[in-house]
Amino acid sequence: MQKPEPERPRLITLYMDEPDGAGHRSGPGGKETAAVVQQLDSLIGHLIQGIDALPFSDQVNLIVTSDHGMTDVSSSRFITIDEHLNPAWYDRVIGSNPSFIFAKPQFRDSVYQALSQVEHIQVYRKHEIPASFHYGTNPHISDLIVVADCGWQFGTRPSSTLGAHGYDIYCPDMQVIFFAYGPNFKTNYQGAPFDNTAIYLLLSVLSGVEPAPGDGDINQILPFLQTKD
């Protein structure tokens with residue numbers, strides 16, 4: 001950012017892989033997670049101080065966000081696939097949450113009916129996947145998917161970790177942070193939650209780049225931006 005203006009990048013991204021690892025190992029409320037969050041808070045504070053020291057700091061927009069939340073999981077809240085499905089009914093199961101079930105064509109209804117009776121999971125046929133998942137029309141998605149209730153697990157064996165994600169976005173623990181400030185953002189504004197897919201459009205607007213087609217809704221992020229006089 002200290003390069004001459006013609007060489008200065010218009011967009012800089014920084015990814016921190018924590019507190020994801022700590023959240024998985026010790027759970028979202030674990031001591032390790034709390035310590036890592038404190039470290040990251042300090043790092044972000046250092047970043048903000050550096051931006052404020054720039055002679056053009058009033059021209060910089062800063063966004064701090066996350067890709068997912070985290071919730072507590074336990075082996076006591078585990079549903080094993082072997083208790084509910086005949087192995088002859090499907091070819092393979094991929095993923096733990098969501099779980100993608102590639103059922104044999106003649107047994108798709110059997111798999112669906114069996115899992116529809118199980119508490120703490122939701123099973124969807126491909127054409128019934130909620131639009132909020134944004135992948136119901138993808139050719140690589142299996143015929144059936146299973147999404148466990150928040151904090152529950154479904155599969156062949158429970159995870160050894162204490163925290164997990166991948167649940168329905170309407171689970172409160174899956175919500176993420178979004179903080180932003182700079183010349184293009186309103187001051188002291190708190191807006192409604194929005195889909196993470198809208199952030200791509202937000203970056204496109206701020207960078208003056210024509211966005212490619214995608215799942216985001218630009219109307220979700222416009223209320224956060226300053227209106228031009």
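Buried means under 20% relative accessible area, exposed over 50%, and partly exposed in between. The exercises below concern a predicted model.

**Exercise 1. Determine which residues of helix α3 are buried, how they are arranged around the axis, and what they pack against.**

Step 1. Applying the cut-off of under 20% to α3 gives Val111, Tyr112 and Leu115 as buried.
Step 2. These residues cover an arc of only 95° around the axis, which puts them on the same side of α3.
Step 3. The partners in contact with the buried residues of α3 are the strands β5 (99-103), β6, β7 (144-148) and β8 (153-155).

**Exercise 2. Describe the surroundings of Arg125, beginning with its salt bridge to Asp109.**

Step 1. A salt bridge requires a side-chain nitrogen of Lys or Arg within 4 Å of a carboxyl oxygen of Asp or Glu, and the closest N and O atoms of Asp109 and Arg125 are 3.8 Å apart, so the pair qualifies.
Step 2. Because Asp109 belongs to helix α3 (residues 108-116) and Arg125 to strand β6 (residues 121-125), the pair ties together parts that are 16 residues apart in sequence.
Step 3. Asp109 counts as exposed, at 52% relative accessibility, whereas Arg125, at 22%, counts as partly exposed.
Step 4. Arg125 also meets the side chain of Glu128 in a salt bridge, with 3.5 Å from N to O, and Glu128 is partly exposed, having a relative accessible area of 32%.
Step 5. The charged end of Arg125 sits over the ring of Tyr112, 3.6 Å from its centre, and Tyr112 is one of the buried residues of α3.

**Exercise 3. Classify the aromatic pair of Trp89 and Phe107, and state which parts of the chain the pair ties together.**

Step 1. The structure holds six aromatic pairs, among them Trp89 and Phe107, whose rings lie 6.3 Å apart, centre to centre, with 25° between the planes.
Step 2. Planes under 30 degrees apart count as stacked, so the pair of Trp89 and Phe107 is stacked.
Step 3. Trp89 lies in the loop between β3 (78-80) and β4 (90-94), and Phe107 in the loop between β5 and α3, so the pair ties together parts that are 18 residues apart in sequence.
Step 4. With a relative accessible area of 25%, Phe107 is partly exposed.

**Exercise 4. Classify the pair of Phe178 and Phe224, and place the pair in its cluster.**

Step 1. Phe178 and Phe224 are 5.8 Å apart, centre to centre, with 70° between the planes, and form an edge-to-face pair.
Step 2. Phe178 is in strand β10 (residues 178-181) and Phe224 in the segment after α4 (197-207), so that the pair links distant parts of the chain, 46 residues apart.
Step 3. Both Phe178 and Phe224 are buried, and together with Tyr189 and Phe194 they form one aromatic cluster.

Key: Residues numbered from 1 in each chain as written. Predicted model: local features only at pLDDT ≥ 70, side-chain atom pairs only at ≥ 80, totals over all residues. Heavy atoms only, no water. Helix = DSSP H or I, 4+ residues; strand = E, 2+ residues; numbered from the N terminus. Buried < 20%, exposed > 50% of the residue type's maximum accessible area, 1.4 Å probe, protein only. Arc of directions from axis to C-beta. Contact = heavy atoms within 4.5 Å. Phe/Tyr/Trp six-rings, centres within 6.5 Å; stacked < 30°, edge-to-face > 60°. Lys NZ or Arg CZ within 6 Å of the ring centre and 35° of its normal.
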